[in-house]
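Me: I'd like a close look at one part of this protein model. Keep it casual, but spell out the cut-offs as you go.

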Amino acid sequence: MAEEVASKRIKTEKDHGAGPEPDGVAAEGGRSDGEIFVKIQSELLRCRICLEPLKPPVFKCEAGHVLCSVCMEKLREVGSVLGLGIFCDVCRKNTSYCRCVELEQVIDAIKVPCSNQTYGCNESIIYHEKEKHETECTHAPCYCPENDCDFRGGTCCLLDHFVTAHGWSPTNFSYNKPLKISVARDHRFTLLVGEDQTIFLLTNTLTEIGSAITMVCVRPHESEPSYSCNISAAQVVAGGKAEGRLVFQKDPLVSSSSLVGGVQLGKFFLLVPPELADSSSGELTLHIRVDRLAP
């Protein structure tokens, strides 16, 4: 949803003209480099019907009530079905609509900061594009999955947090190549870092029938999967040789998450029976391979 704060700091480009301030707008600073800084009531930038941010094309009735093109078409359809003709939902009477070019120019000049400014995003976004930008912003925060830890921040800060606050030692690996690691049966999280600095979290959920092992890619948005993953565990005997039982799981599309709700087990996980753990150390020996999918 669009910014819910009643008033906000915005930029209005001089290139679109500078006349007297309209009602509801209060100048906050002087002119500088073709810009003025103002505060404006956010409802002035929203459609009167759907309350979504206005974006061109914008229409107004004969009385000056503005609405978006989507709502105007809906009013036209309703008016046609009910035999009311073209009417205004505010005026409650028949009217005609025309483009409100002046307001369109103002709308396209209004810029607001990204909500992720605290986490490093310095972009100024056209007001009606703010929601779209923030669904894709690479500076959106990720969260720590440890219980009772309320840390959130960009992925680089999260990696530092894992190391400094929780003492996790990252394991660096290369894509499309096998990786062998040992994990204690009661060790919940193993931090893996790809060659492109992408963070992966190997999660070990201990159950009555074994350890449920799953992989997640840690990034701000649950975007389209970019990786696949193979995880296997085998029974190990003296001398370090694999023998006997083998369990294997392939996750064709490793899910991505900001970990805002913690780590979910997901559809694909490897269940490792307790007898596959090393009898002396109690550790599980896992073989992992993460492959990058073709774009």
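Which residues are linked in a network of salt bridges? After that, please walk me through helix α1: which of its residues are buried, and which are exposed on the face turned away?

Reply: Quick housekeeping before the tour. This is a predicted model, where local features need pLDDT of at least 70 and side-chain atom pairs count only at pLDDT 80 or more, while totals for chains, interfaces and linings use all residues. Residues are numbered from 1 along each chain as its sequence is written, and side-chain values use heavy atoms, leaving out hydrogens and water.

The network links E195, D196 and R292 through salt bridges (a side-chain nitrogen of Lys or Arg within 4 Å of a carboxyl oxygen of Asp or Glu). That rule gives a count of seven salt bridges.

Now for your helix. α1 has 14 residues and takes in residues 69-82 (helices are DSSP runs of H or I with at least four residues, strands runs of E with at least two, numbered from the N terminus). From first C-alpha to last, α1 reaches 20 Å, close to the 20 Å expected at 1.5 Å a residue (that is, 1.5 Å times one less than the number of residues).

On its inner side, C71, M72, L75 and G79 are the buried residues (under 20% relative accessible area; over 50% is exposed, and partly exposed is in between, with a 1.4 Å probe and protein chains only). They cover an arc of only 100° around the axis, so they sit on the same side of α1 (the arc uses directions from the helix axis to the C-beta atoms). The buried residues of α1 pack against three strands: β4 (58-60), β5 (66-68) and β6 (87-88).

Flip α1 over and the face turned away from the buried side carries E77, S80 and V81, which are exposed. V81 has a relative accessible area of 71%. V81 also joins V78, L82 and L84 in a nonpolar surface patch of about 380 Å². Just after α1, G83 takes a positive phi of about 70°.

α1 has a salt bridge too: the side chains of R76 and E73 meet at 3.7 Å, N to O. These two are three residues apart in α1, so about one helical turn separates them. R76 is partly exposed at 36% relative accessible area, and E73 is partly exposed at 36% as well.

For a parallel, look at helix α3 (residues 130-136), where K130 and E134 are four residues apart and so separated by about one helical turn. Their salt bridge brings the closest N and O atoms to 2.8 Å, and K130 is buried at 8% relative accessibility.

Note on methods:
Patch = residues over 30% accessible without salt bridge, like charges linked within 9 Å, V, L, I, M, F, W, Y side chains within 5 Å. Areas by Shrake-Rupley, 256 points an atom, 1.4 Å probe, with all protein chains shown as cover. Contact = heavy atoms within 4.5 Å.
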